[in-house]
Amino acid sequence: MYFYIAELTLMADMVSQLIDQFERYLRFEKRVSDRTLIAYKGDLDQFSTYLTEVYEIGDIADVKPIHVRSWLVSLREKDAHKERSMQRKISALKSWYKFLLKRQHVAVDPLVQIKAPKAPKRIPVFLEQEQSEKLFAETEFEDSFKGRTDQLIMELLYQTGIRRAELIGLQEADIDLYRKQIVVMGKRSKERAIPIGAQLADLIRKYMQEKKERASVENKFLLTLDSGKPLYDNYVYRRVKEYIGSDITTLSKRSPHVMRHTFATQLMNNGAGISAIKELLGHSSLAATQVYTHSNIEHLKKIYQKAHPKASKDD
């Protein structure tokens with residue numbers, strides 16, 4: 001019995017090493033985000049623990065489809081995992097087994113027959129055009145370097161639709177004021193150019209000049225804290241949440257991503273083509289962008305109900 005437990009522990013350690021190898025592969029070769037790395041590692045650790053505790057399986061090559069289904073059922077029974085969470089867990093396992101097959105750690109993929117549950121489409125949360133106009137017309141940014149940093153954060157998010165990580169990673173070298181465009185490093189190290197208007201270009205020009213004149217600020221990143229250090233996730237989140245206050249909207253969600261959704265939705269509502277919006281957002285396929293067509297339909301419904309004499313208010 002002692003030797004059996006010792007062998008099981010040794011094999012569990014080997015599985016843990018394989019998970020660590022996979023994590024390094026994702027980080028350095030696939031260049032996935034830290035958030036995805038943490039989520040995938042947690043999912044794989046959870047699956048490994050389940051195999052050991054329930055089936056006493058220590059060798060990852062012994063895993064069969066029934067073991068995977070059993071784990072997924074156990075998660076369902078806890079009623080703590082929604083469809084999107086289940087989709088991610090299955091995605092983590094599928095990615096891991098592709099890696100294991102490629103490195104010849106296993107000969108068979110037990111995930112081939114496993115299908116992820118379909119998640120309901122989420123409607124993006126965004127500001128109406130009047131709300132965004134009010135946001136920038138009535139917000140008084142502090143007359144300081146910090147205030148001008150905050151203003152540029154809000155303007156960039158709203159006028160370009162970039163993600164929070166892309167905003168933080170934006171460098172002065174990525175700004176082309178002559179062509180009035182910025183180059184953004186998106187997911188999977190994919191670059192895209194986004195046009196900017198004259199007003200935003202002028203804000204950026206003045207901000208970079210002020211940075212240059214500040215002795216404490218020597219940084220390749222466009223946006224910095226007062227100390228000259230780069231921005232960080234929570235700082236951007238807190239600033240956006242503060243500016244999108246209750247006097248602007250009753251939305252419970254007030255994150256940087258709301259500004260991205262606002263950018264895309266307002267482009268759609270004002271006639272921009274879905275392919276153009278896809279390129280501006282840096283989506284890899286139209287499927288991710290099509291969620292904004294629902295918002296456009298709702299916008300057209302409102303126009304119809306307001307403008308057509310036969311439209312019922314109860315429609």
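**Cavity, sheet and a buried glutamate**

Reader: By class, how many nonpolar, polar and charged residues does the lining of the second largest cavity have?
Author: Happy to start there, keeping in mind that this is a predicted model. The residues that line this cavity are I19, F22, E23, L26, L37, Y40, K41 and L44. Sorted by class, they come to six nonpolar, no polar and two charged residues.

Reader: Which elements give two or more residues to the lining of the second largest cavity?
Author: The whole structure holds two cavities of 30 Å³ or more, and the second largest has a volume of about 30 Å³. Among its lining residues are F22 and Y40. The elements that give two or more residues to this lining are α1 (2-30) and α2 (34-55).

Reader: Which are the edge strands of the open sheet of three strands?
Author: Here the strand order helps: β1-β2-β3, with antiparallel pairing. An edge strand in this sheet pairs on one side only. That description fits β1 (175-176) and β3 (191-195).

Reader: Which residue in β2 does I175 stand opposite?
Author: Strands of a sheet pair through backbone hydrogen bonds, either parallel or antiparallel. In this model, β1 and β2 (residues 181-185) pair in the antiparallel sense, over two bridges. Across from I175, in β2, stands I182.

Reader: Does E210 count as buried or exposed?
Author: A good one to check, as E210 is found in helix α8 (residues 198-213). Leaving out residues up to four places away in sequence, E210 touches F145 and R148. Its relative accessibility is 18%, and the cut-off is under 20%, so E210 counts as buried.

Methods
Residues numbered from 1 in each chain as written. Predicted model: local features only at pLDDT ≥ 70, side-chain atom pairs only at ≥ 80, totals over all residues. Heavy atoms only, no water. 1 Å grid on protein atoms, 1.4 Å probe; cavity = no way out; pocket = protein on both sides within 12 Å on 5 of 7 lines; lining within 4 Å. Points joined across faces, edges and corners; volume = space filled by probe spheres on them. Helix = DSSP H or I, 4+ residues; strand = E, 2+ residues; numbered from the N terminus. Nonpolar A, V, L, I, M, F, W, Y, C, P; charged D, E, K, R; others polar. Pairing = 2+ DSSP bridges. Buried < 20%, exposed > 50% of the residue type's maximum accessible area, 1.4 Å probe, protein only. Contact = heavy atoms within 4.5 Å.
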